[in-house]
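Welcome, and please open your viewer. We will go from one selection to the next, and each stop tells you what is there.

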Amino acid sequence: MKILYLLAGFALFLKMLFTSTAVAEIGELSIMETIIQDSGVTNSVSGVIFRNRLYDTVFEVVVFTIAILGATFLLSNETPTQVVYQFTDQPSVVLARLGATIATLVAIELALRGHLSPGGGFAAGVAGGTAIALVAITSPWEMLEEIYQKWRVAIIEKVSVLIFIILAVITLMGGELPYGQMGSLSSGGIIPILNILVAVKVCLGSWAVILLFIRYRGLL
């Protein structure tokens, strides 16, 4: 049976290697060019997510919000962890905070330039959440909780979702901002704004989930 698998894999490899796909590539290229022209952004993926399939993206954001609310509801009746174990050795602390700094810079870059290059709001939010998680494993979680409450992060998260939905509805109804110069940071009309809102939502939502699991499940 293993020999059959190997032969089938080798046959598939030969097909991919020698079969001409020029027609398919030309067709795909024309589709990408159309999306780029319609959306005004050089990253066709962002054009699809925030314009062609914006309706789906709205519900993706809503589903993420519901998941956070569900985690909060399910853990609300549990007893908080008494002791939270964290990394305390200096090399681990330095490496984690260095990684958090790099992840933060990556998150900002992906959020601001996601409509021009690979990246976008979801990837930026995940990078930001990773930065917060790296800080959490080397710092007192009470400090993160205090910052979370002081700056009313939960409210900012909900407001970002509300603004995203309002802008998405306006876009779905035909309202758009000027595209600007193709390839510039200010191009793409409303897409860069939606990108940033999604990044804020995912990052702050990840922060809320991290705090919940540290409080009720511990860290290490």
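## Stop one: helix α9

Select residues 191-217, which form helix α9. Of its 27 residues, 20 are buried, so α9 is largely enclosed by the rest of the structure. Keep in mind that you are looking at a predicted model.

How far does α9 reach from its first C-alpha to its last? The span is 38 Å, close to the 39 Å expected at 1.5 Å a residue. Now step just past the helix: α9 is followed by glycine 218, whose phi is positive, near 80°.

## Stop two: helix α8 against α9

Two packed helices are described by the angle between their axes and the distance between the axes. Keep α9 on screen and add residues 153-172, helix α8. The two axes come within 9 Å and cross at roughly 150°. Angles over 145 degrees count as roughly antiparallel, and α8 and α9 are therefore roughly antiparallel to each other. The crossing of α8 past α9 is left-handed.

Show the side chains where they meet. On the α8 side, pick out residues including Val153, Ile156, Ser160, Phe164 and Leu167. Their partners in α9 include Ile193, Leu197, Lys201, Leu204 and Trp207. Coloured by class, the contact of α8 with α9 has 13 nonpolar, 2 polar and 2 charged residues.

## Stop three: helix α4 against α9

Hide α8 and select residues 54-75, helix α4. Which way does α4 run relative to α9, roughly parallel or roughly antiparallel? The helices pack at an angle of about 15°, with their axes 10 Å apart. That angle makes α4 roughly parallel to α9. Here, too, look for a left-handed crossing, as α4 passes α9.

Among the α4 residues that meet α9 are Leu54, Val61, Phe64, Ile68 and Leu75. Across from α4, the α9 residues include Leu194, Val198, Val209, Leu212 and Tyr216. The contact of α4 with α9 divides into 13 nonpolar, 4 polar and 2 charged residues.

## Stop four: helix α7 against α9

Next, select residues 141-150, helix α7. Its axis lies 11 Å from that of α9, and α7 and α9 pack at an angle of about 140°. That makes α7 oblique to α9. The crossing of α7 past α9 is left-handed.

Display Trp141, Leu144, Glu145, Ile147 and Tyr148 in α7. They meet Leu204, Trp207, Ala208, Leu211, Ile214 and Arg215 in α9. By class, the contact of α7 with α9 has 9 nonpolar, no polar and 2 charged residues.

## Stop five: arginine 152

Follow the chain on from α7 into the loop between α7 and α8, where you will find arginine 152. Is arginine 152 buried or exposed? Its relative accessibility is 55%, so arginine 152 counts as exposed. Check its backbone as well: arginine 152 has a positive phi of about 50° although it is not a glycine.

## Stop six: glycine 47

Finally, zoom in on helix α3, residues 44-52, and find glycine 47 within it. With 0% relative accessibility, glycine 47 counts as buried. Leaving aside its neighbours within four places in sequence, glycine 47 is in contact with Ile35, Ser39, Val41, Asn52 and Ile191.

For a last exercise, use the distance tool on the C-alpha atoms of glycine 47 and phenylalanine 87. These two residues are 40 residues apart along the chain, and their C-alpha atoms are separated by 42 Å.

Note on methods: Residues are numbered from 1 along each chain as its sequence is written. This is a predicted model: local features need pLDDT of at least 70, side-chain atom pairs count only at pLDDT 80 or more; totals for chains, interfaces and linings use all residues. Side-chain values use heavy atoms; hydrogens and water are left out. Helices (H or I, at least four residues) and strands (E, at least two) are DSSP runs, numbered from the N terminus. The expected span of a helix is 1.5 Å times one less than its number of residues. Buried means under 20% relative accessible area, exposed over 50%, partly exposed in between (1.4 Å probe, protein chains only). Axes are lines fitted to C-alpha atoms, for helices over the stretch in contact, and angles run from 0 to 180 degrees between N-to-C directions. Angles under 35 degrees count as roughly parallel, over 145 as roughly antiparallel, 65 to 115 as roughly perpendicular and the rest as oblique. A crossing is left-handed if the near helix is turned anticlockwise from the far one by less than a right angle, and right-handed if clockwise. Contact means heavy atoms within 4.5 Å. Ala, Val, Leu, Ile, Met, Phe, Trp, Tyr, Cys and Pro count as nonpolar, Asp, Glu, Lys and Arg as charged, and the others, Gly among them, as polar.
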